[in-house]
Amino acid sequence: MTVAPSQKPAQVRRPEFEVELTDAHAIGDVERPLTITERLVNNEAVQRLTILVTLIVVWEVYARWLNNGLLFPTFTETIRTFSKDIANGVLVDRTITSLRTLAIGYALGLLLAAVLTTVAVASTAGTRVLSTLTAMFNPLPAIALLPLALIWFGLGTPSLVFVIVHSVLWAVALNTLIGFRSVPETLRMSGRNVGLKGARYVGLILIPAAFPSILAGLKIGWAFAWRTLVAAELVFGVSSRSGGIGWYIFEARNDLDTATVFSGLLAVILIGLVIESVFFRAIEARTVNLWGMQR
């Protein structure tokens, strides 16, 4: 039986055709340069400045409407007092005194937090100890320890440092421990697979992965330390023969000088803004933002 050879199907030649392009104006611009207005509206610095200007305008309008400088001075009067005390050096000296004490307490708090966190990460028992201590002392207001600080250390810088360390220690230790415990196991295994051990394993794997939580702890610790220091200075004020910014506010309150009280509060706010917007923002830009770990 003879099998006929398979015949290839005849190729059909497709006619060429053209498609008319539709009008794309209704779709909108795929890419276009932003106008100056759009750039300003979307700029973070401009947004922050707008918020500040709005608050200042509301402050000035309300104070002028109230017309009682003893209760609520105007923004211009506060700025006048602020500039005067900056020029004569009073506010500068008080601020430097407070920041010096804050730096000592904050550094000691970070050091103790690092020690406790290292012990907690190294063993299960250490984790339980840190968790228990944090649950006990973290809710305890640092200002409540002022009576003990006065009894143990007397009236001076050591008492202030003691309450600052308490306010910093537990917040930083807790956030750091949470950050280390939240590192994914796959990331830990990848570090071990490439032969990382000891300090290199911690420095190259654990700390970068946990750094968002560590940085959050540093911010919380700083905020707690700053407001604890101002509150402590308001209570017993003078340390090392020189009062800090809290004592500056306290003295103005005794003299019923409300503009000076607002001037001290403005200094506290400005220092907080500078630390947050310059110091911590620079750390974020060079770490977690650069690594793509947060927006």
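Which residues is Tyr106 in contact with, leaving aside its neighbours within four places in sequence? I took contact as heavy atoms within 4.5 Å. With those neighbours set aside, I find Tyr106 touching Ile164, Val168, Leu218, Gly221, Trp222, Ala225 and Phe280.

I note that the model is predicted, that local features need pLDDT of at least 70 and side-chain atom pairs pLDDT 80 or more, while totals for chains, interfaces and linings use all residues. Residues are numbered from 1 along each chain as its sequence is written, and side-chain values use heavy atoms, without hydrogens or water.

**Core.** I next looked up the largest nonpolar core (buried Ala, Val, Leu, Ile, Met, Phe, Trp, Tyr and Cys joined through side-chain atoms within 4.5 Å; buried is under 20% relative accessible area, exposed over 50%, partly exposed in between, with a 1.4 Å probe and protein chains only). This core has 48 residues, and Tyr106 is among those with the most contacts inside it, as are Leu102 and Trp226. Two or more residues come from each of α4 (90-122), α6 (146-153), α7 (157-181), α9 (198-236), α10 (245-254) and α11 (258-286). Helices here are DSSP runs of H or I, at least four residues, numbered from the N terminus. Helix α9 gives the largest share, 14 residues.

**Helix α3.** I then turned to α3 (residues 75-87), whose buried residues are Phe75, Thr78, Thr81, Phe82 and Asp85. They line one face of the helix, because they fall within an arc of 130° seen down its axis (directions from the axis to the C-beta atoms). Their cover includes α2 (44-66), α4, α10 and α11. On the other side of α3, I find Arg80 and Ala87 exposed. Just after α3, Gly89 has a positive phi of about 85°.
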